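Open the model in your viewer and keep the selection tool at hand. The stops below take you from one selection to the next.

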Amino acid sequence: MMKKALATLLTMAIVVPTLSACGGSTGENGGGTSAGQPKKTEEITLKIFDAHAYGLEEYAEMAKKFEESHPGVKIEIQHAANDSRALLQSRVNSGDIPDVFDVESGTTAKSYYEYAYDWSNDKDTLAKFKEEALETGKDDNGNIMSLPWTYENLGLIYNKDLFEKAGITKLPATMDELEAACEKLSVAGITPFAIPAKETWVLRQLATHFIMDKSIDSKGVAEKLNSGELKFADMKNFQNLFRFLDLAVKYGPDKPLEMDWETSENMLANGEAAIIHMGDWAQAALDSFNPDANLGFLPCPVSDKPEDATLLSNCNWTYIVNKDSKNLDLAKEYMEYILTSDEGQKWMCDIVGAVPGAKTDLEVKGALANDAKTYIEQGKTNGWIHTLAPNEFSDIAGSAMQAYMIGEMTAEQATAEFQRAWPALNN
């Protein structure tokens with residue numbers, strides 16, 4: 001999802017056709033036509049939908065190598081990091097389903113499994129992936145309908161140098177400690193928070209820390225919400241979400257809803273703000289803003305108990321092959337190439353800086369991913385909830401949080417919106 005030089009995020013999807021390696025091949029055994037002219041290989045266009053905004057140059061190079069090894073094949077890529085779900089659905093509705101596309105695992109992926117190729121019997125391919133990563137691509141019947149990209153870790157990210165400057169020697173693990181840290185940062189002339197509240201997807205991901213119940217993990221929380229056994233108003237830590245938002249407003253920019261993800265990451269990397277909320281997919285963007293930035297994960301405090309603080313980890317993005325692709329075998333080969341080949345794994349480990357869902361011996365270069373490893377090894381991470389939520393959850397929940405931050409909605413009203421965004425399936 002990343003690259004060493006930040007790819008500019010576009011508000012509209014861009015179609016990036018890579019250089020075609022067609023036209024130079026002759027007929028079988030090098031023969032020509034009866035007129036003595038070389039016989040051109042028929043051009044095949046493989047349509048790819050990519051819901052990411054980073055690593056575009058490296059991805060394009062990877063696609064070009066695939067073209068070069070497949071004369072006559074042209075890879076046409078639509079990059080759509082903003083509104084990717086709406087753009088993909090629009091293509092599906094119009095009958096222009098890409099040959100290969102990626103979506104978030106969980107609820108979103110399952111909504112596309114009717115179009116997906118079933119990998120369950122492709123044992124040689126499946127053997128290249130980690131078993132636990134393959135679990136994220138299973139349908140309700142246990143069939144493997146999509147293949148995993150990388151593990152992603154999600155929480156607060158802090159600037160270690162700014163914390164040191166403010167005299168913060170212990171990471172805050174409770175809400176009181178977080179507030180005290182903000183006060184120390186502020187006194188030292190440092191802006192504590194740069195939460196990208198313009199982005200509803202960031203806000204709903206932030207909210208999931210306060211939804212998490214560690215005793216039942218993310219799947220258990222989702223199941224209880226679906227059954228109606230659990231309601232947002234009754235969650236033990238949920239009301240602390242609004243205390244967190246109060247801190248983000250008090251100790252953040254004057255116009256919080258104008259803060260986008262790019263500005264947020266830039267401020268953190270360049271020492272203009274101490275804390276943001278984001279995942280380790282931001283590594284390359286942060287490196288591009290300041291390769292010397294000294295950053296680390298801060299598990300999100302959610303209560304007065306340090307053991308409740310959360311860092312969330314999941315094999316989130318998953319790739320689907322269109323089962324009705326006119327070039328099914330080629331589509332399968334391309335997807336396996338970007339996920340398991342040497343080129344694909346270098347892209348994930350070196351450029352994205354994340355741990356692949358595929359088996360690999362390569363070292364992951366992302367500092368944040370390696371920082372998260374320590375929490376994972378200590379059993380201090382939990383699964384993702386937002387990928388298990390109804391599709392409308394992101395916009396409704398995120399908008400409610402925005403309304404609360406600017407005083408247009410009370411905590412009670414916002415809580416009611418969360419409940420509306422996640423209706424019980426068994427009323």
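Helices (H or I, at least four residues) and strands (E, at least two) are DSSP runs, numbered from the N terminus. Residues are numbered from 1 along each chain as its sequence is written. This is a predicted model, where local features need pLDDT of at least 70, side-chain atom pairs count only at pLDDT 80 or more, and totals for chains, interfaces and linings use all residues; side-chain values use heavy atoms, with hydrogens and water left out.

**Stop 1: a loop residue**

Select N121. It sits in the loop between helix 3 (107-110) and helix 4 (123-126). Is N121 buried or exposed? N121 counts as exposed, because its relative accessibility is 70%. The cut-offs are these: buried means under 20% relative accessible area, exposed over 50%, and partly exposed in between (1.4 Å probe, protein chains only). Now add N143 to the selection. N121 and N143 are 22 residues apart along the chain, and their C-alpha atoms are separated by 9.2 Å.

**Stop 2: the whole protein**

Zoom out. The protein has 17 helices and 11 strands. Of its 427 residues, 55% count as buried. The exposed area is about 18,300 Å², and carbon and sulfur atoms supply 46% of it. Those areas come from the Shrake-Rupley method with a 1.4 Å probe; for residues, only the protein chains shown count as cover. Contact means heavy atoms within 4.5 Å. Among contacts between residues at least 6 apart in sequence, 78% join residues at least 24 apart.

**Stop 3: strand 10**

Select residues 317-321. This is strand 10, and 5 of its 5 residues are buried, so the strand is largely enclosed by the rest of the structure. Colour the two faces separately. W317, Y319 and V321 lie on one side, T318 and I320 on the other, and all are buried.

Next, show its neighbours. Two strands pair if DSSP finds at least two bridges between them. Strand 4 (residues 100-104) runs antiparallel to strand 10, joined by 5 bridges. Look for V103, whose bridge partner in strand 10 is T318. Strand 5 (residues 147-148) also pairs with strand 10 in the antiparallel sense, over 2 bridges. There, L147 stands opposite Y319.

**Stop 4: strand 9**

Move to residues 311-315. Strand 9 is mostly covered, with 5 of its 5 residues buried. L311, S313 and C315 point one way, while L312 and N314 point the other.

Which strands pair with strand 9? Strand 6 (residues 151-159) does so in the antiparallel sense, over 4 bridges. Find N153 opposite S313. Strand 11 (residues 381-382) runs parallel to strand 9, with 2 bridges joining them. Here L311 has T381 as its bridge partner.

**Stop 5: two crossing helices**

Select helix 8 (residues 200-211) and helix 16 (residues 393-405). Their axes come within 8 Å and cross at roughly 90°. Axes are lines fitted to C-alpha atoms, for helices over the stretch in contact, and angles run from 0 to 180 degrees between N-to-C directions. Helix 8 and helix 16 are therefore roughly perpendicular, a term for angles of 65 to 115 degrees. Show side chains at the contact. Helix 8 contributes residues including W201, L206 and I211, and helix 16 residues including F393, M401 and M405.

Finish on T200, in helix 8. T200 is buried, because its relative accessible area is 19%. Not counting residues up to four places away in sequence, T200 touches S394, D395, G398, S399 and Q402.

Note on methods. Parallel < 35°, antiparallel > 145°, perpendicular 65-115°, else oblique.
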